[in-house]
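The following exercises concern a predicted model. Each task is followed by a solution in steps.

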Amino acid sequence: MNTPLIIATFLFFLGMLKYLLHLALRRQSLFILATIMIALGFAFQTAGMVMRSMETGHGPYGNLFEYCVFSAWIVFGIFLVAEGYYKIKPLGAFMTPVGFLLCLIALILSPNAAEAPVVREYWFTLHRTTSFLAFGAITLVFAASVMYLIQERQLKAKKFGAWYHRLPSLEILDDVNRKGLIVGFPIYTVGFISAVVWSYQKYGSITIHGSTALLILGWLLFAVASGGRAALGWRGRREANFGIVVFAMVAMAMLTHLSK
Amino acid sequence: MNLIVFGINHKTAPVEVREKLAIPEKALGDNLRLLEERAPGLREKVVLSTCNRTEIYARVSDVASGVDELKRFLCGYHEVDRAALDKAAYVLVLEDAVEHLFKVASSLDSMIVGEPQILGQVKGAYRAAREYSATGAIINRLFEQSFNVAKRIRTETGIAENAVSVSFAAVELAKKIFGDLEGKTALLIGAGEMIELAVKHLMAQGVETVLVANRTYDRAKELAVQFNGEAVKFDHLHEELKRCDIVISSTGAPHFVVRKDLAEKVIGQRQNRPMFFIDIAVPRDIEPSVNEIDNCYLYNIDDLHQVVEANMVERAREAQRAEEIVKSEVEQFFVWLDRLEMAPTIIALRQNVEAVRKAEMEKTLGRLAALSPEDKEAIDRMTQSMINKIIHHPIANLKRKAESEEGHNYLKAVRYLFGLDK
């Protein structure tokens with residue numbers, strides 16, 4: 001792990017802590033600081049990734065270490081855009097831990113981040129890029145879904161505690177969930193199809209084993225969630241539950257798939 | 001130099017005293033002019049008068065005489081009994097006065113913490129005082145900072161965020177469910193004061209269409225005119241419900257007007273778009289189990305009261321945070337004030353010791369007539385460099401401390417120890 005990446009991980013950690021503290025204390029200054037930390041971390045991580053690419057001569061597709069760095073980068077990127085667009089202040093407390101966890105895994109893996117032979121094939125690169133992008137979108141859906149379920153619980157149970165005051169309206173959270181699914185699903189599908197094409201070109205067949213089966217299952221759940229929304233008017237709590245299940249499924253599948 | 005606030009408010013004075021001391025907006029100029037005449041000890045002043053308080057913020061050179069002039073003026077102008085005024089009035093000086101103004105402007109001192117009117121009233125009082133040239137650099141700065149403090153507290157804390165009345169609580173809940181109320185449709189079933197108030201608040205927040213249903217169609221039509229809405233036949237309620245996002249019910253019906261099976265059907269027709277039911281009626285109009293349906297939210301009158309209570313607690317918690325902001329702003333004001341007072345203090349100190357030196361030199365040289373002009377000049381230079389050395393450290397340290405929190409205390413100490421305020 002090069003220096004900018006270590007600095008980035010540290011900044012993400014500080015930013016995450018500040019978002020969590022902001023959730024508890026609601027100090028404006030904490031929120032601003034947190035956003036600055038994450039934005040700075042993002043800049044450092046971008047620099048770190050460029051440096052590493054120049055060293056290795058390829059994109060961040062070499063091994064699990066690079067995958068983790070890359071997917072964390074996408075999660076934070078999507079987070080910064082979503083925060084700027086929706087201005088949901090507690091979003092950081094729910095989304096940055098996912099990104100930080102990925103950085104942490106990268107940090108642990110980094111001593112063994114040996115050079116792996118890189119497959120320079122169009123379909124394979126497309127597969128990985130789109131899959132990571134979709135994962136970022138699902139992380140956003142996940143954060144919005146958790147907040148939705150908490151707020152919905154408050155409103156139904158008529159408990160007006162700290163969460164009720166801190167979390168935004170159900171409508172906004174449902175909208176984040178919807179947009180995340182609508183954008184995420186086609187991208188995930190492209191990732192899925194490109195993997196099939198690549199596998200066909202290379203091996204002349206598709207082999208389904210443990211982790212690919214999980215990924216396909218994730219895709220199916222994803223399809224049900226976005227299809228239910230588009231065709232059957234599903235929304236609210238049901239979609240929030242789906243959001244969390246899809247995230248858990250895809251995250252687990254991805255980690256097993258990539259660590260092979 | 002001293003800043004004071006002299007006044008009475010809803011906590012210290014009963015309405016009988018407050019009403020006597022209240023000054024209508026139109027009379028404010030007259031009041032300020034008279035104050036100028038009869039209380040010349042008040043160098044700069046702002047008179048703030050609302051139904052909950054009458055306060056005079058002023059810069060005075062002497063607190064006791066300033067307050068006395070003020071009391072005399074008030075007793076004369078308002079025909080108030082001196083004893084009653086003495087009992088109800090409070091005088092706050094310097095830090096306490098500044099802190100008080102910041103709290104008043106940001107509504108921390110109000111009867112309902114977080115109410116929005118007071119800031120406008122403080123601004124009005126300040127504007128009037130400026131028009132009559134009753135203020136100067138210090139009071140101007142003080143008031144302008146108080147507006148910033150109020151704004152800061154409003155944006156950084158939640159003291160004004162949450163509804164503290166039942167009808168506003170309904171609006172707040174609607175916003176927690178729908179986000180924006182723009183273009184939403186509300187249905188009123190029945191009539192009543194609270195339901196009408198709630199609808200007015202909802203419309204102010206962007207609710208576009210109001211439907212009115214009533215047992216008697218004519219009454220529905222009357223109400224519909226009032227809200228610029230549509231009257232709906234009571235028997236057609238079933239069909240109309242699917243258009244409605246918010247349903248407020250307050251009929252005298254002895255049985256449920258909306259049952260669970262109906263609500264379930266309607267939600268299906270609405271493709272799960274959420275519905276917010278507010279049941280103000282006793283006995284209740286809407287079957288309680290409607291709240292169990294996904295995307296349906298049902299609140300009765302007790303629930304709304306519960307929201308208000310929770311919000312009150314939240315406001316109190318936020319007010320504590322606001323007080324911290326006030327404290328830091330008070331410090332900032334005094335840093336500014338000290339910087340302003342620093343130069344005059346140093347000049348006064350120099351002049352003071354220089355006067356002593358001159359007087360003593362004359363006295364001494366008068367007695368030593370035998371000295372040559374060169375000797376006299378040497379003594380003159382020696383005394384000069386002596387006093388320069390003596391006051392060098394006090395001045396240097398004063399300048400150094402000026403920007404710190406203790407700066408104010410040092411400044412006060414220097415003025416006191418060297419007798420500069422005499």
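**Exercise 1. Determine the strand order of the open six-stranded sheet in chain B and identify its edge strands.**

Solution. Step 1: reading across the open sheet of chain B gives the order β7-β6-β5-β8-β9-β10, and the pairing is parallel. Step 2: β7 (230–233) and β10 (296–300) of chain B each have a single partner strand, so they form the edges, and one side of each lacks a neighbour in the sheet. Step 3: from one strand to the next, the twist averages 20 degrees.

**Exercise 2. Describe the pairing of β9 and β10 in chain B, and the packing of helix α8 of chain B on the sheet.**

Solution. Step 1: five bridges join β9 (residues 275–279) of chain B to β10(B) in the parallel sense. Step 2: Met275(B) has Cys296(B), in β10(B), as its bridge partner. Step 3: helix α8 (residues 166–178) of chain B packs on the sheet and touches β8 (246–250), β9 and β10 of chain B. The direction of this helix makes about 160 degrees with that of β9(B).

**Exercise 3. Characterise the contact between the two domains of chain A.**

Solution. Step 1: the domain assignment divides chain A into domain 1 (1–118) and domain 2 (119–260). Step 2: taken over C-alpha atoms, the centres of domain 1 and domain 2 of chain A are separated by 20 Å. Step 3: domain 1 of chain A contributes 20 residues to the contact, and domain 2 of chain A contributes 21 residues. Step 4: on the domain 1 side, α3 (64–86) and α4 (91–109) of chain A each supply at least two residues, and α3(A) provides the largest share, 10 residues. Step 5: by class, this side of domain 1 of chain A has 17 nonpolar residues, two polar and one charged.

**Exercise 4. State how many residues of chains A and B are in contact, and classify those on the chain A side.**

Solution. Step 1: 16 residues of chain A meet 20 residues of chain B. Step 2: α5 (122–157), α7 (170–203) and α9 (236–258) of chain A each supply at least two residues of the chain A side. Step 3: the chain A side comprises five nonpolar, five polar and six charged residues.

**Exercise 5. Locate the nonpolar cores.**

Solution. Step 1: the largest core has 125 residues, and Ala174(B), Ala186(B), Leu188(B), Ile248(B) and Phe277(B) have the most contacts inside it. Step 2: α5(A) provides the largest share of this core, 15 residues. Step 3: beyond four places in sequence, the residues that Leu188(B) touches include Ile195(B), Val212(B) and Ile248(B). Step 4: a second, separate core of 52 residues has among its members Ile4(B), Ile139(B), Val149(B) and Phe334(B).

Key. Residues numbered from 1 in each chain as written. Chains lettered and ligands numbered in written order. Predicted model: local features only at pLDDT ≥ 70, side-chain atom pairs only at ≥ 80, totals over all residues. Pairing = 2+ DSSP bridges. Helix = DSSP H or I, 4+ residues; strand = E, 2+ residues; numbered from the N terminus. Axes fitted to C-alpha atoms, helices over the stretch in contact; angles between N-to-C directions. Contact = placed C-beta atoms within 7 Å. Nonpolar A, V, L, I, M, F, W, Y, C, P; charged D, E, K, R; others polar. Domains from an automatic or database assignment. Core = buried A, V, L, I, M, F, W, Y, C linked by C-beta atoms within 7 Å. Buried ≥ 20, exposed ≤ 12 C-beta atoms within 10 Å, placed from the backbone.
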